[in-house]
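Please examine the structure shown here. The questions that follow ask how particular descriptions of it are justified.

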2 protein chains.
Amino acid sequence: MTMKRQPIREYISLATVAARAGVSVSTVSRIVNGEMRRASPATVARVLDAIEAVGYRPNPVGRALQRGQSQLVAMIAANLDNPAMATIASSTEAALREAGYVMVLCDTHDRPELQDEYLYAMRAQMVCGYVLVAAVPSRGLSELSASGAPTVFVSRRNPVGNGPFVGIDDCAAGAAVADYFANLGRRVPAVVFPRLGSSASRDRVSGFLAKLRERGWSDKAIIQADGEGRSHLQVGYNAGARIFGGSDTPDSILCVSDQIAYGVNRRALERGLKIPGDCDIVSIDGTPLNQWVAPWLKSIEIPYAVYGAEIVAGLQLIWRGESFGERLLPYKFG
Amino acid sequence: MTMKRQPIREYISLATVAARAGVSVSTVSRIVNGEMRRASPATVARVLDAIEAVGYRPNPVGRALQRGQSQLVAMIAANLDNPAMATIASSTEAALREAGYVMVLCDTHDRPELQDEYLYAMRAQMVCGYVLVAAVPSRGLSELSASGAPTVFVSRRNPVGNGPFVGIDDCAAGAAVADYFANLGRRVPAVVFPRLGSSASRDRVSGFLAKLRERGWSDKAIIQADGEGRSHLQVGYNAGARIFGGSDTPDSILCVSDQIAYGVNRRALERGLKIPGDCDIVSIDGTPLNQWVAPWLKSIEIPYAVYGAEIVAGLQLIWRGESFGERLLPYKFG
DNA sequence: GACAACTTGGCAAACGTTTGCCAAAGATGT
DNA sequence: ACATCTTTGGCAAACGTTTGCCAAGTTGTC
């Protein structure tokens, strides 16, 4: 009944090399790992030749078992369909490969149960590190947090504690947009954000509001619209209905993500508004795609393409036992 | 100098369970693997309890080493920044997880050397299957092809042989667009495609051309523009310069991908053309994002979100030793 | 009462790697 | 000549799993 699984092929192992070079497996292992002083130059040369001749590559599985840790790094991301996360995934993958690691990608669709399932599965895989992009609170995350496993949080801070973080200064970004609107002479600003916000969303909104207050706005003069939806596109579209349906129509809108801006814009078009013109929209994300499909959108540009390098640098610090608090990357605006 | 790596934690192994249940490791192993007849009901119950009590999960690394094959599936994709591929990656990841596998994601940026590097690295990881999305010809791919390892090609057919394929009927899709233009009474059709084409691009173009010929167009009456660029956005933008700069301006354009359409559209806007109106653009891809950011674009909609399920179904057929030629999924148009 | 057949479960080898420890041989110092 | 140290390299255990084989114990049949 049950299929018997056959190995796909015989692998070239240390034993193969050892036999060919006429030495023991341990000697080859040490040379492979760069312990050149443990063998005479003649032996080293012989072994190196044999490695070359048979095309040996260390088997990561055997190594993982012995070391109790694989060369796999788990990236657990909330939603790959979001181009920003796709870019983070892509750049992290490239940086990890360069450093000799292999990335496992897990898409949680923002669901805590799925996040936990992945967290447990990855622990079983003996991964040597975790990259959590926009993590949600969950039991498994608390355990991970407590276990002290090498972890870097990206975009959203650790929702159940603290830990190394790579992102931008969200508060400052929100404030920058507020300044921009104020300097432009806008009178009726609005801000759109998801109802179930993350630390990032909250900070962007509060930075925006704080700066506007500083520049003379009263709280009720600022339109705040949260939207619901499983994607930020929906969030923006839903919030747009309320923004453009109220008594005051805003002349300037901050959307905390590109996708929200797309949703708001669609609603605006349906209502016959001109963007920009009747109303300016600014978003925070600024993926390159905007230049192609949303030239009407001005953005705070987050350097997602360099996130990967920062994330891997952070992991390497942690692996070396050094500390890594947070790395706030500069954004571009205007 | 060199850091000594410490295992993150002690893992709960078969030995832990065996000690607690008072049986041998082999007995536990057999029960974990569902061989219930090899032990008395009483023993089985005791072992199951122990498993529950200590929270045992099989270690995939040990298993992989013993079986000569891991539960990892390699997805090697040409360009994650393309939303279509991101959707394929996402849906495949979900389907694999459901089937108990773990996906490793590799982004080759369309570069053969990188594709080879990944192919070799994944072989060393003892992956149990390969999903190649938009593969490019390379030495390693030929070797993989020859080795008979379980492989599914997606979107683009195997460029160095043949093998299981998941995609759409590209030829028919191109023809459908041709019919659409003809029925609409368009006179000056154009087609835009990347200079370095894949089987998919070529088939879409040739299907389009063949149908137009069938409906009375001469070859020179059809504008064909190939574009260069590292992304399809660039391809479209570059080809757009030639299309809109020639003597004949087309009244209808087929772009073989969404991203090319974005590029063409940008060029059209720069030239002051109205889309649609002066010129219809139709693309092949039809990602959901279009509805939000490119309402001007009509598309053949490829069901990327269900690719994952088909890919995994294909892999499972292959693992079972059954054959799996190709699966052409239905697309939606209009 | 003898013998076969089945049930139940353990032993041990194997997968590929790493590494602590030991042994042989050569080099150096007295 | 002897003690000590260094160089060179192998042995064997360990990581967690699977599985062929064997050894008891139980049951059934004549």
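Q: In this predicted model, which residue of S10(B) is the bridge partner of Asp285(B)?
A: The partner of Asp285(B) in S10(B) is Glu301(B).

Q: What makes strand S9 (residues 280-285) of chain B and strand S10 (residues 298-301) of chain B a pair?
A: Pairing requires at least two bridges between the strands. S9(B) and S10(B) are joined over 4 bridges, so the requirement is met. The sense of this pairing is parallel.

Q: How do you know that S10(B) also pairs with strand S12 (residues 332-333) of chain B?
A: The two strands are joined by 2 bridges, and at least two are needed, so they count as paired. S10(B) and S12(B) run antiparallel. Within S12(B), Phe333(B) is the residue that stands opposite Ile300(B).

Q: Why is the relation between chain A and chain B called that of a two-fold axis?
A: In general, two copies of a chain are related by a rotation about an axis and a shift along it. Here chain A is superposed on chain B by a rotation of 180 degrees, with 0.0 Å of shift along the axis and an RMSD of 0.1 Å. That is the relation of a two-fold axis. The residue of chain A that comes closest to the rotation axis is Val104(A), whose C-alpha is at 2.3 Å.

Q: How do you know that the copies meet through the same surface?
A: Of the interface residues of chain A, 98% are also interface residues in chain B, so the copies meet through the same surface.

Q: What makes the approach of Arg63(A) to DNA strand C a polar contact?
A: The cut-off for a pair of N or O atoms is 3.5 Å. An N or O atom in the side chain of Arg63(A) is 2.7 Å from a phosphate oxygen of DNA strand C, so the pair qualifies.

Q: How do you know that backbone atoms make polar contacts with DNA strand C as well?
A: A polar backbone atom of Asn59(A) is 2.8 Å from a phosphate oxygen of the strand. For Gly62(A), a backbone N or O atom lies 3.1 Å from a base nitrogen. Both pairs are within 3.5 Å and therefore count as polar contacts.

Q: Which element gives the most to the surface near DNA strand C?
A: H4(A) gives the most, with 5 residues. In total, 30 residues surround the strand, and the closest include Leu14(A), Tyr56(A) and Arg30(B). The surface residues divide into 9 nonpolar, 13 polar and 8 charged.

Definitions and conventions:
Residues are numbered from 1 along each chain as its sequence is written. Chains are lettered from A and ligands numbered from 1 in the order in which they are written. This is a predicted model: local features need pLDDT of at least 70, side-chain atom pairs count only at pLDDT 80 or more; totals for chains, interfaces and linings use all residues. Side-chain values use heavy atoms; hydrogens and water are left out. A residue is near a molecule or strand if one of its heavy atoms lies within 4 Å of it. A polar contact is a pair of N or O atoms within 3.5 Å; within protein, one must be able to donate a hydrogen and the other to accept it, and residues adjacent in sequence count only if both atoms are side-chain atoms. Ala, Val, Leu, Ile, Met, Phe, Trp, Tyr, Cys and Pro count as nonpolar, Asp, Glu, Lys and Arg as charged, and the others, Gly among them, as polar. Copies are superposed by least squares on the C-alpha atoms of residues with pLDDT of at least 70 in both. Contact means heavy atoms within 4.5 Å.
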